[in-house]
Amino acid sequence: MWNFISRLPFIATLVTFVCVVIMFALGNWQLQRAEQKNQRLLAVEMAAKTAQVDLQQVLRSNINDMLDMPVNFDGAADATRYFLLDNKIHNGRVGYQVLTPMQTSSGTVIVNFGWVAATNSRDILPSIKIDTETALYAGVISLPLNNAMIKETAVVDGDWPKVLQQTDLKVIQQHYNQDLLPFVVLLNAQETSPFVRDWQPVVMAPEKHLAYAAQWFLLAFAALVIFIIAQRNKLKRNKK
């Protein structure tokens with residue numbers, strides 16, 4: 001065995017070793033992502049069984065602990081100044097999610113009313129009708145995560161509506177020039193609503209991460225087996 005190992009070509013062995021290590025690392029990373037998604041879905045399930053709270057209870061708590069918490073409040077929407085969150089897909093169709101400021105007794109909160117379809121032209125935005133009367137709203141708490149790789153295109157110029165590339169509360173606050181509550185409320189689905197509210201707590205299911213992990217492990221194993229067989233055959237030819 002040691003004689004076989006000592007006769008292996010250095011470069012080919014090093015490249016194979018590095019590739020196998022990387023593929024095993026990617027497989028382990030996918031396993032970790034699957035576990036994170038399982039924990040996230042479990043947290044969503046547990047939050048859904050919790051009694052609804054009001055905005056003041058959310059503000060008095062650790063905001064990170066309030067993720068996915070059901071909430072209700074009285075509010076009045078500002079239908080003249082709303083954002084359209086770009087590149088949102090529903091059933092294979094491109095559209096927007098509608099973000100609107102809501103005046104409440106606890107302050108101004110950004111509410112996601114849901115998805116609407118885009119028009120046939122990027123230059124023509126969909127027509128949105130939002131009730132401005134004070135009413136009781138219910139939804140769940142969302143804490144948007146900002147992607148540093150996404151470049152925001154909306155400029156502060158007083159024109160409305162605005163098309164946003166991501167839900168960045170700091171950017172939204174600049175447009176409104178007022179303080180906002182540090183979270184977003186995703187409204188509950190309603191049969192009579194013109195907005196589609198099919199919220200997905202995770203983009204990719206844990207099962208997909210497990211499948212990807214299995215693929216990486218199999219590729220690593222296959223690369224190792226192919227390398228060993230190739231080198232054994234090469235040594236046999238050299239002996240002959």
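**Asn87 is located in strand E2 (residues 83-90).** The model shown is predicted: local features need pLDDT of at least 70, side-chain atom pairs count only at pLDDT 80 or more, and totals for chains, interfaces and linings use all residues. Residues are numbered from 1 along each chain as its sequence is written, and side-chain values use heavy atoms, with hydrogens and water left out. Strands (E, at least two residues) and helices (H or I, at least four) are DSSP runs numbered from the N terminus. Asn87 is not a glycine, yet its phi is positive, near 60°. Most residues other than glycine have a negative phi, and most peptide bonds are trans.

**Asn91 lies in the loop between E2 and strand E3 (93-104).** Here too phi is positive in a residue other than glycine, with a value near 50° for Asn91. Asn91 counts as exposed because its relative accessibility is 73%. Exposed means over 50% relative accessible area, buried under 20%, and partly exposed in between (1.4 Å probe, protein chains only).

**Ser106 occupies the loop between E3 and E4.** Ser106 has a relative accessible area of 16% and is therefore buried. Outside its neighbours within four places in sequence, Ser106 is in contact with Leu55, Gln56, Leu59 and Leu181, where contact means heavy atoms within 4.5 Å. The C-alpha atoms of Ser106 and Leu55 are separated by 6.5 Å, although the two residues are 51 residues apart along the chain.

**Trp160 and Pro161 are joined by a cis peptide bond.** Omega of this bond is about 0°. Pro161 belongs to the loop between E5 and strand E6 (162-164).

**The second largest pocket has a lining of 16 residues.** Phe113, Tyr137, Leu187, Gln190 and Arg197 are the lining residues that lie nearest the centre of this pocket. Its volume is about 270 Å³. Strand E5 (residues 135-142) gives the largest share of the lining, four residues. By class, the lining holds 10 nonpolar, three polar and three charged residues; Ala, Val, Leu, Ile, Met, Phe, Trp, Tyr, Cys and Pro count as nonpolar, Asp, Glu, Lys and Arg as charged, and the others, Gly among them, as polar. A pocket is an open set of points on a 1 Å grid over the protein atoms alone, where a 1.4 Å probe fits, with protein on both sides within 12 Å along at least five of seven lines; lining residues have an atom within 4 Å of a point. Grid points are joined across faces, edges and corners, and the volume is the space filled by probe spheres set on the points.

**The whole structure contains seven aromatic pairs, one of them formed by Phe24 and Phe217.** Rings of Phe, Tyr and Trp (its six-membered ring) pair if their centres lie within 6.5 Å; planes under 30 degrees apart count as stacked, over 60 as edge-to-face and the rest as tilted. The pair of Phe24 and Phe217 is tilted, with 5.5 Å between the centres and 45° between the planes. It links distant parts of the chain, as Phe24 is in helix H2 (residues 10-48) and Phe217 in helix H5, 193 residues apart. Phe24 is partly exposed, with a relative accessible area of 37%, and Phe217 is partly exposed at 23%.

**Phe113 and Tyr137 form an edge-to-face aromatic pair.** Their ring centres are 6.2 Å apart and their planes meet at 70°. Phe113 is in strand E4 (residues 107-117) and Tyr137 in strand E5, so the pair ties together parts that are 24 residues apart in sequence. Both Phe113 and Tyr137 are buried. These two residues belong to one aromatic cluster with Phe73 and Phe195.

**Ile228 is part of helix H5 (residues 206-239).** Is Ile228 buried or partly exposed? Its relative accessible area is 35%, so Ile228 counts as partly exposed. Between Ile228 and Thr16 the C-alpha to C-alpha distance is 10.0 Å, while the two are 212 residues apart in sequence.

**The protein has five helices and seven strands.** Of its 240 residues, 35% count as buried. Among contacts with a separation of 6 or more, 65% come from residues 24 or more positions apart. The protein exposes about 15000 Å², of which carbon and sulfur atoms supply 57%; accessible areas come from the Shrake-Rupley method with a 1.4 Å probe, and for residues only the protein chains shown count as cover.
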